[in-house]
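Hi,

Here is the structure I said I would pass on. Have a look at it first, and my notes follow underneath.

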Amino acid sequence: MENIEYLKEKAKEIKELTLNMCINACTGHVTSSFSCVEILTALYHGKIMRYDAKNPKWEGRDRFILSKGQASPILYAVLANNGFFPKEWLNKFCCADGKFGVHLQNDIPGVEITSGSLGQGFGVAVGIALAAKMDRKDYLTFAMLGDGECYEGSIWEAAMFAAHNRLNNLVAIIDRNWLCVTDFTENLVKLNPLDKKFEAFGWEVKTINGHNFEEILEALKDIRSRKRDKPYLIIADTVKGKGVSFMQYKPLWHGLAPSGDNAENAKKELKCEVNYD
Amino acid sequence: MTSSSTTSMRDAFLTRLYQLGKQDRNVVIVSADFGAPALDIIRLDLASQFVNVGIAEQNMIAIASGLALEGKKPYAFAIAPFATSRCHEFTKVDLSLMKIPVRILGVGAGFSYDDSGPTHHTTEDIAIMRALPNLEILCPADSIASAKFADISYNSDKPMYIRLDRKILPQIYDESESFQEGFKELKKGEEICIISTGNMVHTALEVQKKLEIEGKRIGVIDLYRLKPISHDLKKVLSNYKMIVSLEEHILDGGLGSIISEIITDNNLKVNLKRIGLTKYIYAYGGRENIQKICAIDADSVIKCIKNL
């Protein structure tokens, strides 16, 4: 299992990259990105996912589908950090001469699908997992969803289908940060009990602290060899905007990048961040 | 040229797809709980190449897209109104934006599902589907064309929407037709030409035949590829003084709109009369009765042409 301290440092590095690119561009879903940084760090740096940064379309790679496409900044930061494309591209985030914008774009090395319209990517991930079964290929398909995204009916269509077809090569992760755009999910339309809903739909479900690397790695341990006949869901309990005190738990920070004093304070807080629990 | 056919366009397409699927295990049908006699043999013989998602058209497109990303040749198969409207945004993002080569096979163009009522009519699909860049649209007028479109779609790497009628329609084409042009001038006329697609091509031919008896030579064009439009079509349209577009489709954004755009964009000196639908309708007693009420039957078209 990868060194926890190494992963914490990596997560901090990725978070800083993400924050800086959004501050420079004056846009980007910072809070949506910060809630899932540890998950992505674990997947890409924790020796979980198989990939080849020099050959992003390597047939044997695991597929990662970011269905919550607004978290594109964090994925772009992870991919750049891993050498999928030059880090300089991050400086051009949302620029006229840049390569990508606020939502995820499929022609960027390391990115599998365009996403941003919530509820769509998950079903595509299910189709990709199904293709692996059809062709007896051993790649895994990982899909990251937002919890607010689970309001979309298409999520449940895909969930039902995946369980019925016993896609045990599919790992979904819900970034359960309890917030949508305008309100907390449980004030808006109750999602809980989210775990029991997915279990009723035929999934194996595990709920973890999504900022705790020990728990993340434990949930993903032996992911390839563990015997199961159901698709697997990890509900990662997270904080939207984690690490920046004035952005955490605040619906109105959705889709915004801090500026001015807020930007400087955010940077300072990230540099000091030590507690991941 | 016309003779009876005993195979529906749907079954002609699926029968050919079965043959293709036997040779290529990447052909996969993703059905939204929609069946057909010709599908039964695929379900039995090529079971691993048939996926039923249930009544879930958005998931149908998503699953098909995921399969296509992994090298499969998926055919998303559902009743046309739901294969187009219900999952339109998935088609927009997956097929149009990402150019994922899924073929949407929608059965029930126009008033095919006549007495099922307007929830099951497909009278706005041309408008909403042609608004999507990169999506090709095919609409056969007989079973020969339909079977050929199975090959055309199989050999293409482009996302596609194929709109099929439900009725068994008389044969227009023979096997030698390549269907590469995008349209066919079935009858040459003098001043007026009807352009149509799908089952309405047969109405156009009926109109042509009746007017010919009265000494009026009307042209008939089958526009079987609604998108992209052939560059040569404008040349043929220019041979006439008046084009009559005839569609079992809402006028806004439909076939007539396509012709209007061609005329305007190319500065053609030709007039256009658009015949089609203006609203949804609760009407029963069979398709012919519904068409009569909507004034798109042969007699109504003849009356309209005589008044031009």
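Before anything else: this is a predicted model, so please read everything below in that light. I'll start with chain A and then move to chain B.

**Chain A overall**

Chain A contains 11 helices and 5 strands. Its radius of gyration comes out at 17 Å, close to the 19 Å that the globule rule gives for 277 residues, so chain A is as compact as a globular protein of that length. The C-alpha trace spans about 50 × 45 × 35 Å along its principal axes. Of the 277 residues in chain A, 60% are buried. If you take the contacts in chain A with a separation of 6 or more, 76% of them come from residues 24 or more positions apart.

**The sheet in chain A**

The strands of chain A to look at form an open sheet of 5 with parallel pairing, in the order 1-2-3-5-4. Strand 1 (63-66) and strand 4 (204-209) of chain A sit at the edges with a single partner strand each, so one side of each has no neighbour in the sheet. From one strand to the next, the twist averages 20 degrees.

If you want a place to zoom in, try strand 1 and strand 2 (residues 141-146) of chain A, which pair in the parallel sense over 4 bridges. There, Phe64(A) has Phe142(A) in strand 2 as its bridge partner.

**Helix 6 of chain A**

What does helix 6 of chain A lie across? Strand 1, strand 2 and strand 3 (170-176) of chain A, and the helix runs at about 165 degrees to strand 2. Helix 6 is mostly covered, with 13 of its 14 residues buried. I also checked its length: at 1.5 Å a residue, the 14 residues of helix 6 (residues 121-134) should span 20 Å, and the end C-alpha atoms are indeed 20 Å apart, so the two agree. After helix 6 comes Arg136(A), which has a positive phi, near 55 degrees.

**The sheet in chain B**

Chain B has an open sheet of 5 strands too, in the order 7-9-8-11-12, but here the pairing is mixed. Its edge strands are strand 7 (184-187) and strand 12 (271-277) of chain B, each pairing on one side only. The twist in this sheet averages 25 degrees from one strand to the next.

Strand 11 (residues 242-250) and strand 12 of chain B run parallel and are joined by 6 bridges. One pair to look up is Met242(B) and its bridge partner in strand 12, Asn271(B). Helix 10 (residues 255-265) of chain B lies across strand 8 (192-196), strand 11 and strand 12, at about 145 degrees to strand 11.

**Glu185(B)**

One residue I'd like you to look at is Glu185(B), in strand 7 of chain B. Is Glu185(B) buried or exposed? Its relative accessibility is 19%, and buried means under 20%, so Glu185(B) counts as buried.

The side chain of Glu185(B) makes a polar contact of 2.9 Å with the side chain of Lys188(B). Another polar contact, of 2.6 Å, joins the side chains of Glu185(B) and Tyr240(B). Leaving aside neighbours within four places in sequence, Glu185(B) is in contact with Val220(B), Ile221(B), Val236(B) and, again, Tyr240(B).

That's what I have for now. Over to you!

Cheers

Note on methods. Residues numbered from 1 in each chain as written. Chains lettered and ligands numbered in written order. Predicted model: local features only at pLDDT ≥ 70, side-chain atom pairs only at ≥ 80, totals over all residues. Heavy atoms only, no water. Pairing = 2+ DSSP bridges. Helix = DSSP H or I, 4+ residues; strand = E, 2+ residues; numbered from the N terminus. Axes fitted to C-alpha atoms, helices over the stretch in contact; angles between N-to-C directions. Contact = heavy atoms within 4.5 Å. Expected span 1.5 Å × (residues − 1). Buried < 20%, exposed > 50% of the residue type's maximum accessible area, 1.4 Å probe, protein only. Polar contact = N/O pair within 3.5 Å; in protein donor to acceptor, adjacent residues only side chain to side chain. Rg over C-alpha atoms; globule rule 2.2 N^0.38 Å.
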